[in-house]
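Let's look at this protein together and ask how each label is earned. Take a moment with the picture, then follow the questions below.

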Amino acid sequence: MFKGLAALFTSGAILNPMIWGGIILGLVLIFNADAETITGFYENYNFYLLVLLIAGLYNFLFKKVYTEKGDLNWAALTVNVIFSAVKFVFSSLLTISFVTFLSF
């Protein structure tokens with residue numbers, strides 16, 4: 001378990017703002033909601049649309065990818081948005097799982 005936590009710091013993944021957002025969301029949900037509310041939260045498609053919007057804004061404002069000509073590389077930007085959204089959702093789910101694991 002400690003090797004996994006150490007890998008987060010050495011790889012730099014813990015410094016990603018999308019992962020921090022997922023961790024904070026996971027902590028807020030696990031400490032303030034019951035299991036049915038959390039399940040309903042992740043079954044709602046509006047949550048995923050909001051995550052895509054946040055990931056899109058983050059990548060468009062702070063993580064732009066340019067081509068050699070100096071134009072925006074829309075394909076790379078789209079892939080980054082999708083991966084950022086996946087990082088956000090998985091980090092929130094893994095945070096909930098980790099806190100639930102520690103509570104036993």
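Q: What makes Asn16 a cap for the N-terminal end of H2?
A: In this predicted model, a side-chain oxygen of Asn16 lies 3.0 Å from the backbone nitrogen of Met18. A polar contact needs an N or O pair within 3.5 Å, so 3.0 Å qualifies.

Q: How do you know that the length of H2 fits a helix of 16 residues?
A: Set the expected span against the model. At 1.5 Å a residue, H2 should span 22 Å, and its end C-alpha atoms are 22 Å apart, so the two agree. If you try the arithmetic, remember that the expected span is 1.5 Å times one less than the number of residues.

Q: Why are the buried residues of H2 said to be on the same side?
A: The buried residues of H2 are Met18, Ile19, Gly22, Ile23, Leu25, Gly26 and Leu29. They cover an arc of only 165° around the axis, which puts them on the same side of H2. Phe31 and Asn32, on the other side, are exposed.

Q: What covers the buried residues of H2?
A: The cover includes H3, H4 and H5.

Q: How do you know that the length of H4 agrees with its 18 residues?
A: The same kind of check works here. Helix H4 covers residues 45-62 and should span 26 Å at 1.5 Å a residue; its end C-alpha atoms are 26 Å apart, so the span agrees.

Q: Which residues of H4 are buried, and what puts them on the same side?
A: They are Phe47, Val51, Ala55, Tyr58 and Asn59. Their arc around the axis is only 95°, which places them on the same side of H4. Tyr45, Leu53 and Leu61 are exposed on the other side. The buried residues pack against helix H2 (17-32), helix H3 (35-43) and helix H5 (74-102).

Q: What is found at the start of H4?
A: There, a side-chain oxygen of Asn44 comes to within 3.1 Å of the backbone nitrogen of Asn46. The cut-off for a polar contact is 3.5 Å, so this pair passes too.

Q: Why is Ser84 called buried?
A: Buried means under 20% relative accessible area. Ser84 has 7% relative accessibility, so Ser84 counts as buried. Ser84 sits in helix H5. Leaving out residues up to four places away in sequence, Ser84 touches Met18, Ala55 and Asn59.

Q: What makes a group of residues a nonpolar core, and which have the most contacts inside the largest one?
A: The members must be buried residues of certain kinds, such as Leu, Val or Phe, joined through side-chain atoms within 4.5 Å. The largest nonpolar core here has 14 residues, and those with the most contacts inside it are Leu25, Leu29, Tyr42, Phe47, Val51 and Phe88. H2, H3, H4 and H5 each give two or more residues to this core, and H5 gives the most, with five. Val51 touches Ala85, Phe88 and Val89, if residues up to four places away in sequence are not counted. In soluble globular proteins, nonpolar side chains tend to be buried together.

Q: How many helices and strands does the protein have, and how much of it is buried?
A: The protein has five helices and zero strands. Buried residues make up 26% of its 104 residues. The protein exposes about 7400 Å², and carbon and sulfur atoms supply 72% of that area.

Notes: Residues are numbered from 1 along each chain as its sequence is written. This is a predicted model: local features need pLDDT of at least 70, side-chain atom pairs count only at pLDDT 80 or more; totals for chains, interfaces and linings use all residues. Side-chain values use heavy atoms; hydrogens and water are left out. Helices (H or I, at least four residues) and strands (E, at least two) are DSSP runs, numbered from the N terminus. Buried means under 20% relative accessible area, exposed over 50%, partly exposed in between (1.4 Å probe, protein chains only). The arc is that of the directions from the helix axis to the C-beta atoms. Contact means heavy atoms within 4.5 Å. A polar contact is a pair of N or O atoms within 3.5 Å; within protein, one must be able to donate a hydrogen and the other to accept it, and residues adjacent in sequence count only if both atoms are side-chain atoms. Accessible areas come from the Shrake-Rupley method with a 1.4 Å probe; for residues, only the protein chains shown count as cover.
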